[in-house]
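Here is a small set of exercises on cysteine links, each with a worked solution. Have your viewer ready and work through them in order.

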Amino acid sequence: MRSRHSKKAGRRLAAICGSAIISLSATAAEADLSEVVVTGSRIARTGLETPTPVTAVEKTELQDMNPRQLIEALSQLPQFFNNRRPQGNAPLFSGGSNLDLRGAGPARTLVLLNGRRVPSGNRYGAVDVSTLPEGAISNIETVTGGASAVYGTDAVAGVVNFVLNTKFNGFTGRVATGQTSRNDGANQTFSGTYGTKLGDRAHLLVSADYFDQDPIWSLEALQSRPWMKQNALVTDPSGQYTYLRRDYVKPSNTSVGGVINSTNALLDKLEFIRSGSSVTAQKLNFSGVGRLNGGCNCYADPQQDPTWGIDADNAVQQANGRHSAFVYLDYDVSDDTNIYLQGIYGMSKVRGPWFSSPVMVGSTWQGTIYSGNPYLPSNVQQIMTDNKVASFNMGLTGATRNDRQGGLGQYVVNQSNKLSSGTVGFEKRFTSGVLEDWKLTGYAQYGSNDQDMNFQDGLITSRLYLALDAVVNPANGQTVCRAALLNPTQFGDCVPVNLFGGVDSVSPAAKAYLVDKNTNVKSTYSQTFAEMALSGKVYDGVGAGPFRMAMGASYRRDQVRQWKVDLTDEFVYINGVSTGLRGLLNETQTGGYVGVRGIPTGFQGNASLSNVLFTGSIQTPDTVLEGNFSVKEAFTELSLPLLKDKPFVRALEADLAYRWATYTGSGAISSWKYGLSWQTLDSLRLRATKSRDVRAANIRERFDATAGGANVRDPLNNNVQVNGATSFTGGNPNVNPEQADTTTFGLVWQPSDLLQGFSASVDWYDINISGALGTLPQQSIVDRCAAGATDLCQFVKRDASNQIVRIDVLFLNLSNQRIRGLDAEMQYSKPIELFGGAERLGLRFYANRINENSTQVLDLARDYLSFEQPEWRFTTNVVYQNGPMRAFVQGRWIDKRGLNRLFNTGVANAATIEDNTVSSVFYTDLNISYEHLVGEQKLRFFGNVTNLLDRAPPQTPTTVGTGGTGQPSLQYDTIGRTYTLGVNYSF
């Protein structure tokens, strides 16, 4: 149960913003609220209106939208695009749930809890909102314009403030359970919040939450969702188009049983097929749609493979859960001074399948099979013998499967984020003297987020290719590893493996040799933050109201440390001694070992990506990622009422804000903002803002380093292909902050006559980010250096013979990103009499239009590919309340869009496609609840159906491979109809 105080706050927000939710259930008289502080401004206001667009949504509405998790409900608001959440195939390295306003990226969305910063959940600079205390949240305010001058760095796309009702008295709890209409994805929710006065001056608020969600990743789960069709792009064999869109697409150079890729026509595209205990090789059953060699290296089957091939390890939804505990204690030292303590513990966890492994695809990573391998089917060995073929490449994926426990188990990742945060603060109101009617606030906060990524049953690729190279020991006729036969001192423990036809022939001994039971990557991200702010009246004004001001200063220090628990997961160890390499080298290479052959270039030496996961640093030679940065800031904000009660000017107010900040590594930078709010009529208000917003580089962009291989053409050496060079992708501590020029303009209409209870707002926005942080592709760095861009040549390392040996791909201020669009919102609430009166009908409508979300890197062509978004997104909900019964119906519409704006453009090298559209989709949600009173206690029983009509997501094909429907974003529902039943309890 939300307190009367918070209900009144929600309605005052509606008057202030023209966009807050009207509480349909509030009918009793409520106490006046003297002051409201709206996100987007630090200045307390009474009856004044901010020029900054703010959308405020109460938790009750969000729970009607989706009762399971707030991140799922927020993802239904069209201002958000591609929120990171546990839906899809592989867990993101960021883990948890991250908000993304406008599709600008989670790092450009500032998340606050009761107006205060929250420590980031990882080195990506994104807050895991699933660790926040959902039970204590009363409403969520979203500022959909830049707010860096007001709140600091990261607020480029906007601010999301989770507002707590810290004065709540009583108890409210929630119990819910649900699952999909396909009897999977079971989930449970428990939460409770208790608030009470402690004597006359103290107040305590305690809240706890628990949520658990089963995974949806079985083969039966995939088969029960008819939209999972492995829809992908295939090369048009007729040549009329570059690509066709087809269902049931398979790669032609790899499969779960293994595919031969050879220059010998008799061997090429033979697939290893298992039948019982025997394995044969037969030609791929090519349908004629696609291309076996070159192009997409894929083809479309006329019907779905019953085994689902490499897509059998897809996940519709990962297993996920969270729990949190929150304590807030405040004490009135005097009538004008309050101090408080706040503590948060939150944990989120995600478990899901990792990428199909081993990655034996393409010429860079495929395994080499040599003639004489005793596991080879006889017909294949005969062809090799007759044609004197010494070896061939084999592509194989799906060595770990979710549809069954195969010979190599399931390759999954368990990821957890644990947030611990403590805050101490105060608020002092001055009642006399020079600072009369001013307020001084301050707080100090320390928070840390511990992340643990535990990879289970991953393949040790440095051993995989040794085990694949099986031979017959001439001394005893036994099958052994060639490396063990020729070099028993160093590789005597090698166990040969048979992967022809898939994993069913893998012996327990081979599994024990090849599988790494646990690989742990741990990180600790900590943040220290302190702020002091003073606000109040500075001048009686010019007749339209007092001039008010806020000013203050803050200090923040962010630090990260990330490491691998066991370095044997990072480097190749032989006889307990590290080789210093992340992959083996062949016996013919310098530094190679006798008996080792067939190691593909993608897994050789320190060019190997096989065991490397965000460890090491370009700046330091160790395997620990470690770094910190700090920022000192001073800020001020002014609210200036200029005119009041003049012709066509009911009120005119200006807002000004300025912030100076200095960052370690990138120096000082300023952000600013000015806005105008013009009440032309009692019912019409115009508003506009212009701001300079900044975002400093996060930990990843400053200090990250990932080792890998380089595969480029060298224009200075006759475009020869370079496959054996090393590459480091990582951070740059000297990058400058991003700068964004943001403009918003809009209007708010609130008629007071025939349409009393109606309000509408429309706001246009333009975010122009210069110096956006990003990385260039390896080939672009090499090409541009060769063409004369000398500033990039420092990243291309060559040896004495001018051969490329290393390429560094560092974050640079190298691009411009432009995001333009429009937000609209309407709401209406009124009493009605359909069934005897005492009824109320409410309507709320949200809309977002994206005109552009593009990026331009240096002087290259502007690229839309990575930011393809629907032009329009609508969310509409209707609420009917009749006494204790309430019905909530919601419609969500996602507009059609282009698959790729670069297709069919007619420009040089642009691909063409027969159909370059992604269809629109409309989802319907339903929530029905009934309140039952037992004395002072309230029980509200509810039932919710998300995606009531079980609408399928539109097909959005990309390249062939794992990914289900292939959707490039998380905006579509791939789960299907979902039921939730529960009860809210309060007294």
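**Exercise 1: a pair of cysteines**

Cys 785 and Cys 793 form a disulfide, with their sulfur atoms 2.1 Å apart. The model is predicted, so local features need pLDDT of at least 70 and side-chain atom pairs count only at pLDDT 80 or more, while totals for chains, interfaces and linings use all residues. Residues are numbered from 1 along each chain as its sequence is written, and side-chain values use heavy atoms, with hydrogens and water left out.

Task: find the handedness of the disulfide of Cys 785 and Cys 793, and sort Cys 785 and Cys 793 by burial.

Solution.
- Step 1. Recall the criterion: a disulfide is a pair of cysteine sulfur atoms within 2.5 Å.
- Step 2. The torsion about the S-S bond of Cys 785 and Cys 793 is about 110°, so this disulfide is right-handed.
- Step 3. Apply the burial classes: buried means under 20% relative accessible area, exposed over 50%, and partly exposed in between (1.4 Å probe, protein chains only).
- Step 4. Cys 785 has a relative accessible area of 15% and is buried, whereas Cys 793, at 26%, is partly exposed.

**Exercise 2: a link between a strand and a loop**

Task: work out which parts of the chain are tied together by Cys 481 and Cys 494.

Solution.
- Step 1. A disulfide joins Cys 481 to Cys 494, with an S to S distance of 2.1 Å.
- Step 2. Cys 481 lies in strand β24 (residues 479-481) and Cys 494 in the loop between α10 (488-491) and α11 (508-514), so the pair ties together parts that are 13 residues apart in sequence. Helices (H or I, at least four residues) and strands (E, at least two) are DSSP runs, numbered from the N terminus.
- Step 3. The S-S torsion of Cys 481 and Cys 494 is -75°, a left-handed link.
- Step 4. Cys 481 is buried at 1% relative accessibility, and Cys 494 is buried at 8%.

**Exercise 3: the remaining link and the pattern**

Task: describe the disulfide of Cys 296 and Cys 298, then give the pairing of the bonded cysteines in sequence order.

Solution.
- Step 1. The sulfur atoms of Cys 296 and Cys 298 are 2.1 Å apart.
- Step 2. Their S-S torsion is about -105°, so the disulfide of Cys 296 and Cys 298 is left-handed.
- Step 3. Both Cys 296 and Cys 298 are buried.
- Step 4. The structure holds 3 disulfides, and the pairing in sequence order is 1-2, 3-4, 5-6.
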